[in-house]
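Reader: I want a close look at one short stretch, and then at what surrounds it. Please keep the sentences short and the cut-offs explicit.

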Amino acid sequence: MFLDRVRRIVTLRTASLASVLGAGLLAAACGGDAPPPRGPDIAVLIIDDFGDTLRFTPPAQRVVSLNPVTTELLFALEVGDRLVGRTSWDLFPEAAKAVPDLGAGMGPNVEAVMGQRPDLVLLYASESNRAAVQQLRAAGIATLTYRTDKVADLPRVIGPIAEVLGVPSVGQLVADSVRASVDAVRDLPRPSEPVRAFWHIWDAPLLTIGGGSYMSELLDIAGAVNVFADAEQPSPQVSLEEVARRNPDVILAGPNNARKIREHPLWQTVPAVRAGRILVIDTTIVGRPGVRMGEAARFLRRALVDSFANPGAGLP
Amino acid sequence: MTARHWLLLALVVVVAMVLGVSGGAVPIPPGDVLRALLGVGDATQVAIVQNLRLPRIALGLAVGAGLAVSGAALQTTLRNPLAEPYLLGVSGGAAAGAVAAVTLGLASAALLPLAAFLGAVVAVLVVLLVARAVAGHADPRVLLMAGVVVGAFCTALIMVALATAPENTVRGALWWMMGSLGDAQWRGVRWIALYVALGIALLIVWARDVDVLALGEEAAASLGLPVERVTRRIYFAASLLAAATVAGAGLIGFVGLIVPAIGRALGARNTRQTLLASALAGAALVVLADLAARTLLRPAELPLGAVTALIGVPFFLWRLRRMR
């Protein structure tokens, strides 16, 4: 769905650009495989989130992505066919499932990665990936390491990634589209009494989402409030008692957790659970700060603001 | 031990190395492995063999030898066949020291083993003091209990340190708790190997003292051995060994428990022989355990510490039964 939207924007933008600047840029602007305007042999320098200054010769042709966010991004950039490896968690879009599964994305199996003969490896910027990055670079394989934790991170990192893939103009379009899709939801009028929501992330121990994190930002953008927005850690451990005390209007949980909460006797202490106000979330969309974040924000807006303002509609 | 035994041990180490360099997540035919070792042939295969598998095997040899010799020295000195750095909390102390250094931003390839060493020394002192206060050295079970408790405390300290460190600035808890050779790179491996070699050399030099000590503290003292000083030195070197292995590969248990028994089963006559035999057998054991860790569930890797625990815990229970 998202890809279609991007494709439409690409076509639209290409047409307007072409009319202004002539047909010369056309190939570059719509170009999955087209070379960047500056020519393919010119190196680019990029500073990644490890603070390393790296030199690349675009376009990268064989890419291993060790983070679901960048895997999705590659397909949005229409270079999904260059993906030669992914983690076990990268199951979207459907086409990603056909790409070889290389196991974990944090502390990856470097030998399995090298076996795919990539010329670019995209990793999450965690210290658990530091050794893998050093090992890959020692073997002459380019790496880019990004911390994609917040709403603002993805648009920030699309530029350099698209640059290395040789599709900077498509990158620009995707970044703009992601920003626009989020802003479209953010700019909707805020309800005077926003819905107070509790994110149920993990069962044992009971984990939720703290104020600084992406999923809390999403709630805010959708016009709702995270009841644990005051917690500083990204995913704090909380007690059921405290959840009951904060009395959220609605519980957000993945399909399995939602079922558990509904059936668990202890959870009946929370009024929202007794009233059946549990919103089942597709965690692969809402839980990842990827290209579908606008879709995620819109889903939350519809469920938490529009349906609440219009009680007849009920929760989806 | 006869020359045949030594030859056998050396052969086992060589076989482990050959298997280790041949197996991995990416299947490479033996002929290609050989060419890659010589630095010719396909660039990716050369990189996999030379940059990933060789340093990993080198680290495995160092870690295995270090843990086994540390265990052998502790077992002889404490006259306790269940003593080993992991169960005595020494490795846990080392890990706490290393994590503390990393979270304070003090870690480099050369300094990390030293930070781990400080943690290990503190842990070993606490364990010995507690055990002595409760029961003297006489009761091996109290010593182990103190070790396990101190180890658990160190694990808790690590969890707290990792929880307070900014996210993703320190390697994950699993790496520290369950051990892995996956991060091996020559630069770090050289330092680990150096510290392990130093620890083993010290213990070999002091091996005669350990022989005397093994007669019992009173007997040793009557033979003119400065018991306190000698014991302290042995703990010091055994801690250094454990610390170096933890800095290089995280917590790996039970190697120090199993391997010295192999040395004794082969008929090691004195401490020096036990230490040397343990070094060889330990090196081979860890390289083989790591081979299992990286091939059983490929492309996923099992934590090395889980593999050694799966082998080690049944062995521990069997030893425990025989002690009664």
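Along strand β2 (residues 53-56) of chain A, which side chains point to one face and are buried, and which point to the other and are not?

Author: This is a predicted model, in which local features need pLDDT of at least 70 and side-chain atom pairs pLDDT 80 or more, while totals for chains, interfaces and linings use all residues. Residues count from 1 along each chain as written, chains are lettered from A and ligands numbered from 1 in written order, and side-chain values use heavy atoms, without hydrogens or water.

Now the strand. Leu54(A) and Phe56(A) point to one face of β2(A) and are buried (under 20% relative accessible area; exposed is over 50%, partly exposed in between; 1.4 Å probe, protein chains only). Thr53(A) and Arg55(A) point to the other face and are not buried. Side chains in a regular strand alternate between the two faces of the sheet. Strands here are DSSP runs of E with at least two residues, and helices are runs of H or I with at least four, numbered from the N terminus.

The partner of β2(A) is β1(A), residues 44-47. Four bridges join the two, and they run antiparallel. Pairing requires at least two DSSP bridges between two strands. One bridge can be named: Leu45(A) has Arg55(A) as its partner in β2(A). That is one of the side chains that are not buried. Five residues separate β1(A) from β2(A), and the two strands form a hairpin. In its turn, Gly51(A) has a positive phi of about 80°.

Step back to the chain. Chain A has 316 residues, and 51% of them count as buried. Its secondary structure comprises 13 helices and ten strands. Take contacts (heavy atoms within 4.5 Å) between residues at least 6 apart in sequence. In chain A, 59% of these join residues at least 24 apart.

Another sheet in chain A is parallel. It is open and has four strands, in the order β8-β7-β9-β10. The edges are β8(A), residues 225-226, and β10(A), residues 278-280, each pairing on one side only. Inside, four bridges join β7(A) to β9(A), residues 250-253, and these strands run parallel. His200(A) has Ala253(A) as its bridge partner in β9(A).

His200(A) also touches a loop residue, Leu207(A). Leu207(A) sits between β7(A), residues 196-200, and α8(A), residues 214-222. Beyond neighbours within four places in sequence, its contacts include Trp199(A), Ile201(A), Trp202(A), Ser235(A), Pro236(A) and Gln237(A). Asp176(A) is another matter. Leu207(A) and Asp176(A) are 31 residues apart in sequence and 33 Å apart in space, C-alpha to C-alpha.

β7(A) also holds an aromatic residue, Phe198(A). Over all chains there are seven aromatic pairs. Rings of Phe, Tyr and Trp (its six-membered ring) pair with centres within 6.5 Å; planes under 30 degrees apart are stacked, over 60 edge-to-face, the rest tilted. The Phe198(A) and Trp267(A) centres are 6.2 Å apart and the planes are at 45°, so this pair is tilted. Trp267(A) lies in the loop between α10(A) and α11(A), so the pair ties together parts 69 residues apart in sequence. Both members are buried: Phe198(A) at 0% relative accessible area, Trp267(A) at 6%. With Phe228(A), they form one aromatic cluster.

Chain B has a tilted pair as well: the rings of Tyr86(B) and Phe254(B) have centres 5.6 Å apart and planes at 50°. Tyr86(B) lies in the loop between α3(B) and α4(B), and Phe254(B) in the loop between α11(B) and α12(B), so the pair ties together parts 168 residues apart in sequence. Tyr86(B) is partly exposed at 30%. Phe254(B) is buried at 9%.

The two chains meet at Gln135(A), which belongs to helix α5(A), residues 130-138. Gln135(A) is buried, at 3% relative accessible area. Its contacts in chain A include Val110(A) and Met114(A). In chain B, Gln135(A) reaches Leu52(B), Gly182(B), Asp183(B), Ala184(B) and Gln185(B).

Last, the nonpolar cores: sets of buried Ala, Val, Leu, Ile, Met, Phe, Trp, Tyr and Cys joined through side-chain atoms within 4.5 Å. The largest has 97 residues. Among those with the most contacts inside it are Val63(B), Leu78(B), Trp176(B) and Leu275(B). Its largest share, 14 residues, comes from α11(B). Val63(B) touches Leu181(B), Thr245(B), Ala249(B), Ile252(B) and Val286(B), leaving out residues up to four places away in sequence. A second, separate core has 59 residues, including Leu73(A), Ala162(A), Ala175(A) and Met293(A).
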